[in-house]
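Me: Could you take me through the largest pocket of this protein, and then set the second largest pocket beside it? I would like to know what lines each of them.

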Amino acid sequence: MEEFGTGDPVTEKRLRATTATVYLGGAETSASALHTFFLAMVLHPEVQAKAREELDRVVGAHRLPTFDDFGSIPYIDAIVKEVLRWYPIVPILMPHKLSEDDVYDGYLLEKGSFVMVNIWAILHDEKRYTDPFAFNPDRFMKDGVLDPEVFDREEVAFGFGRRVCPGRHLAYETVWIMIASVLSCFDIRKPKTEDGQDMELREDFVSSFVCEPKPFKCEIRPRSRQHLELFAHP
Ligand code: HEM
């Protein structure tokens with residue numbers, strides 16, 4: 001740090017605090033989103049098949065997806081949006097204190113009041129989302145592209161106003177590239193029981209400040225030797 005910085009202790013303290021904040025704010029949340037993604041894929045092989053059709057067509061089998069593919073593989077965006085909507089990582093936000101009087105839906109909210117946003121309710125509102133408890137990325141698609149008419153709020157999952165998640169773009173892109181890369185190369189399935197049947201899995205989530213699936217078993221198999229090589233040595 002000294003080599004690149006000023007050696008100023010205040011700067012160093014800020015750098016340490018910023019690094020810790022990035023880690024504390026970003027590590028568990030992004031990992032939880034991926035955890036939710038794996039559960040959704042085990043439960044919905046038809047979504048994997050659709051994503052793979054898009055990936056094979058646009059990206060092909062000789063390279064991994066990159067950020068240059070952004071905009072060309074909209075179904076992957078639809079999956080990211082649905083992962084963040086289906087079980088929002090932070091279902092109820094920390095209290096926000098109003099810095100001035102506000103009016104919402106005819107109600108006066110006085111300066112100094114605490115407001116807690118219910119992200120879960122917004123993202124499961126039946127008026128906006130048909131069958132809101134179902135995992136269905138197609139709700140964000142129309143005619144093969146993202147539907148601009150859908151109340152698309154992966155942003156809702158990242159909060160609002162001055163305290164909105166500052167890591168939201170990094171988080172979205174991290175989750176996007178992970179999902180695109182994993183689906184390019186791997187098949188995610190229910191594990192088999194001893195008598196060869198698919199093991200039953202349920203949507204079972206930890207209910208705490210950060211929402212993520214309880215541990216579950218799944219099989220993650222390379223689609224082929226070529227896909228495995230590609231993932232290991234991109
Ligand atoms: C899928 C991943 C993520 C989700 C769902 C998420 C969600 C959220 C939410 C809902 C808030 C509270 C916003 C509010 O109160 O209005 C928040 C705050 C915050 N997030 Fe994230 N986040 C994610 C990833 C990240 C990453 C990658 C970073 C850092 C690189 C990060 C850093 C922070 C910080 C520092 C805050 C506190 C902001 C403040 O209070 O001013 N988050 N996040």
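Reply: Happy to! A pocket here is an open set of grid points where a 1.4 Å probe fits, with protein on both sides within 12 Å along at least five of seven lines. Please keep in mind that this is a predicted model.

Let's begin with the largest pocket, which holds about 1,100 Å³ of space. Its lining is made up of 34 residues, and those closest to the centre are Gly25, Thr29, Arg163, Cys165 and Pro166. Three helices, α1 (9-43), α3 (74-86) and α5 (168-185), each supply at least two residues of this lining. Of the contributors, α1 gives the most, with 9 residues. As for chemistry, the lining of the largest pocket counts 22 nonpolar, 9 polar and 3 charged residues.

Now to the second largest pocket, with a volume of about 700 Å³. Here 18 residues form the lining, and His96, Leu98, Val115, Val117 and Phe160 are the closest to the centre. The elements that give two or more residues to this lining are the strands β1 (96-97) and β2 (102-104). The top contributor is β2, with 3 residues. Sorted by class, the lining of the second largest pocket has 10 nonpolar, 4 polar and 4 charged residues.

To put the two side by side: helix α1 gives the most to the lining of the largest pocket, while strand β2 gives the most to that of the second largest.

Definitions and conventions:
Residues numbered from 1 in each chain as written. Predicted model: local features only at pLDDT ≥ 70, side-chain atom pairs only at ≥ 80, totals over all residues. Heavy atoms only, no water. 1 Å grid on protein atoms, 1.4 Å probe; cavity = no way out; pocket = protein on both sides within 12 Å on 5 of 7 lines; lining within 4 Å. Points joined across faces, edges and corners; volume = space filled by probe spheres on them. Helix = DSSP H or I, 4+ residues; strand = E, 2+ residues; numbered from the N terminus. Nonpolar A, V, L, I, M, F, W, Y, C, P; charged D, E, K, R; others polar.
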